[in-house]
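Thanks, everyone. Today I would like to walk through the charged side-chain pairs in one model, taking them one at a time, and I will start as soon as the structure is on the screen.

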Amino acid sequence: MSSHFFPRDEYFMRLALREAARALEHDDVPIGAVIVKDGELIGAGHNERELRADPTAHAELIALREAARAFGSWRVLDAVMYVTLEPCAMCAGAIVLARVPRVVFGASDPKAGAAGSVLDVLDVPQLNHRPQVQSGLLAADCAELLRTFFAPRRG
């Protein structure tokens with residue numbers, strides 16, 4: 001895992017943060033993801049689990065579906081996924097299956113993170129794909145959005 005970021009990374013993570021804020025409109029956990037190829041946004045998503053009553057409606061999966069449609073293929077090659085929270089095991093598995101070459105996430109998830117915190121699905125040598133992973137970009141902003149959402153719920 002690396003913390004070297006490119007100049008445009010912050011711009012795209014801010015787009016993911018904006019996407020995360022959209023989840024608040026329907027009382028979902030504010031997590032956002034965007035997928036970029038050649039500097040162009042090709043997929044975006046925010047958590048819609050509450051909205052859709054669907055446990056798989058995570059930001060990353062919604063963004064991957066959009067990107068796959070844009071590519072016309074299930075392979076999301078030559079792209080970067082920016083996500084505000086470390087992917088869970090389900091999302092990390094989908095990232096591997098879609099062959100996303102690079103993942104940049106903001107805040108770590110010590111309870112369910114599968115990119116190094118609890119598990120490391122994105123770096124299992126036996127799997128057929130291992131993306132480059134970079135963490136910590138705008139981590140404080142990403143974590144604050146989540147803290148603000150959960151504070152009244154945790155009393």
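Let me begin with a partly exposed residue, R22, whose relative accessibility comes to 41%. Please keep in mind throughout that what you see is a predicted model. The partner of R22 is E19, and in this salt bridge the closest N and O atoms are 3.2 Å apart. E19, by contrast with its partner, is buried, since its relative accessible area is 10%, and the cut-off for buried is under 20%. Both residues belong to helix α1, which covers residues 9–23, and they sit three residues apart, about one turn of the helix.

How many salt bridges does the structure hold? There are nine, and I will pick out a few more of them.

A second one brings together the side chains of K37 and D78, with an N to O distance of 4.0 Å. This pair links distant parts of the chain, given that K37 is in strand β1 (residues 32–37) while D78 lies in the loop between α3 (59–71) and β3 (80–85), 41 residues away. K37 is partly exposed at 23% relative accessibility, whereas D78, at 58%, is exposed.

Turning to helix α5, residues 139–154, we find R147 and E144 three residues apart, again about one turn of the helix. Their side chains meet in a salt bridge at 3.3 Å, N to O, and E144 is partly exposed, with a relative accessible area of 40%. Finally, E10, R14 and D141 are joined into one network by salt bridges that share partners.

How values were computed:
Residues are numbered from 1 along each chain as its sequence is written. This is a predicted model: local features need pLDDT of at least 70, side-chain atom pairs count only at pLDDT 80 or more; totals for chains, interfaces and linings use all residues. Side-chain values use heavy atoms; hydrogens and water are left out. Helices (H or I, at least four residues) and strands (E, at least two) are DSSP runs, numbered from the N terminus. Buried means under 20% relative accessible area, exposed over 50%, partly exposed in between (1.4 Å probe, protein chains only).
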